[in-house]
Amino acid sequence: MSQNPTSTRLVPAERLSAITSLIAEGAVFDGNFHTTRDQGIKVDGQLKGNITFESGGTLHVGATGVIENTRLEADYVFIEGKVIGTVIARKALEITGSATLLGDASYDELIDMHPRARVRGKIEYRGDIDADHV
C-alpha cells in the first residue's frame, strides 16, 4: 500500500499491517462494505457508503482517504483522512492530526485524539461509565 500510516498510538500496528482490502488512491467506490468476518480495509480513495464489520474488523482511513454519507462500524478505527458520517469503534478509535471527522463518533473501550485532529460532532463513550478503570 502506497503510504505509511502515521505512527499509531492506540490501534495495534499488527491490526493495520494485516489489512488485505484496499480502495486505492484515485479510486471512487459507491456502495456498502459488509462482512461477518474479522477482516480489514484501508481507504486511500473515495468511498460513498457504509462499512460494517459485524464482529472484529479494522478500518484504516488513509491520509488521502475520504468517506462520505456513511456509517462506519468496526472493532478498530484509525482515521488519517476525512470522514463525513457516524463512526462506531467497539475497541479503539484513533483520530490522527491529519484527520477530519464531521459527524458523531462512539467508542466502547479506548480513544486517542492526536493534536491537530479536527472533529465537528459528538464523541460518546458507550461503555459502563460507573465501572472502575485503570
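**Strands, partners and loops in a predicted model**

Q: Which residue of E4 stands opposite Leu22?
A: The model is predicted. Strand E1 (residues 21–23) and E4 run parallel and are joined by 3 bridges. In E4, the residue opposite Leu22 is Lys42.

Q: Which residue of E7 stands opposite Ile41?
A: E4 also pairs with strand E7 (residues 58–61). That pairing is parallel and has 4 bridges. In E7, the residue opposite Ile41 is Leu59.

Q: Which residues of strand E4 are buried on the side that does not hold Gly40 and Lys42?
A: In a regular strand, side chains alternate between the two faces of the sheet. Strand E4 covers residues 40–43, and both of its faces are covered. Gly40 and Lys42 are buried on one side. Buried on the other side are Ile41 and Val43.

Q: How many helices and how many strands does the protein have?
A: Helices and strands are counted separately here. The protein has 1 helix and 14 strands.
The radius of gyration is 14 Å, close to the 14 Å that the globule rule gives for 134 residues, so the protein is as compact as a globular protein of that length. The count to remember is 1 helix and 14 strands.

Q: What does the C-alpha trace of the protein span along its principal axes?
A: The protein has 134 residues, and 43% of them count as buried. It exposes about 7000 Å², of which carbon and sulfur atoms supply 46%. Along the principal axes, the C-alpha trace spans about 45 × 35 × 25 Å.

Q: What share of the contacts with a separation of 6 or more comes from residues 24 or more positions apart?
A: A contact here means heavy atoms within 4.5 Å. Take the contacts with a separation of 6 or more. Residues 24 or more positions apart account for 17%.

Q: How far apart are the mean positions of the positive and negative charges?
A: The protein has 14 positive and 19 negative charges. Each set has a mean position. The two mean positions are apart by 6 Å.

Q: How many of the residues of strand E9 are buried?
A: Strand E9 covers residues 82–95. Buried means under 20% relative accessible area. The strand is largely enclosed by the rest of the structure, because the number of its 14 residues that are buried is 10.

Q: Which residue of E9 is the bridge partner of Tyr76?
A: Strand E8 (residues 66–79) runs parallel to E9. The two are joined by 11 bridges. In E9, the partner of Tyr76 is Ala92.

Q: Which residue of E12 is the bridge partner of Ala92?
A: E9 also runs parallel to strand E12 (residues 110–113). They are joined by 4 bridges. In E12, the partner of Ala92 is Leu110.

Q: Which residue of E11 stands opposite Ala89?
A: E9 and strand E11 (residues 105–107) run parallel, with 3 bridges between them. In E11, the residue opposite Ala89 is Tyr107.

Q: Which residue of E10 stands opposite Val83?
A: Strand E10 (residues 100–102) pairs with E9 in the parallel sense. The pair has 3 bridges. In E10, the residue opposite Val83 is Leu101.

Q: What is the phi of Asn69?
A: Most residues other than glycine have a negative phi. Asn69 is found in strand E8, and counts as exposed at 62% relative accessibility. Asn69 is not a glycine, yet its phi is positive, at about 50°.

Q: Is Arg116 buried or exposed?
A: Arg116 is in the loop between E12 and strand E13 (118–120). Its phi is near 80°, a positive value in a residue other than glycine. Exposed means over 50%. Arg116 has 70% relative accessibility, so it counts as exposed.

Q: Is His114 buried or exposed?
A: His114 lies in the loop between E12 and E13. Beyond residues up to four places away in sequence, it touches several others, including Thr6, Arg9 and Glu94. The relative accessible area of His114 is 9%, so the residue is buried.

Q: What separates the C-alpha atoms of Leu10 and Glu80?
A: Leu10 is found in the segment before helix H1 (13–17), and at 22% relative accessibility it counts as partly exposed. Leu10 touches residues including Ala92, Leu110 and Asp112. Leu10 and Glu80 are 70 residues apart along the chain, and their C-alpha atoms are separated by 13 Å.

How values were computed:
Residues are numbered from 1 along each chain as its sequence is written. Side-chain values use heavy atoms; hydrogens and water are left out. The radius of gyration is taken over C-alpha atoms; the globule rule is 2.2 Å times the number of residues to the power 0.38. Buried means under 20% relative accessible area, exposed over 50%, partly exposed in between (1.4 Å probe, protein chains only). Accessible areas come from the Shrake-Rupley method with a 1.4 Å probe; for residues, only the protein chains shown count as cover. Lys and Arg count as positive and Asp and Glu as negative; His and the chain ends are not counted. The place of a charge is taken as NZ of Lys, CZ of Arg, CG of Asp or CD of Glu. Two strands pair if DSSP finds at least two bridges between them.
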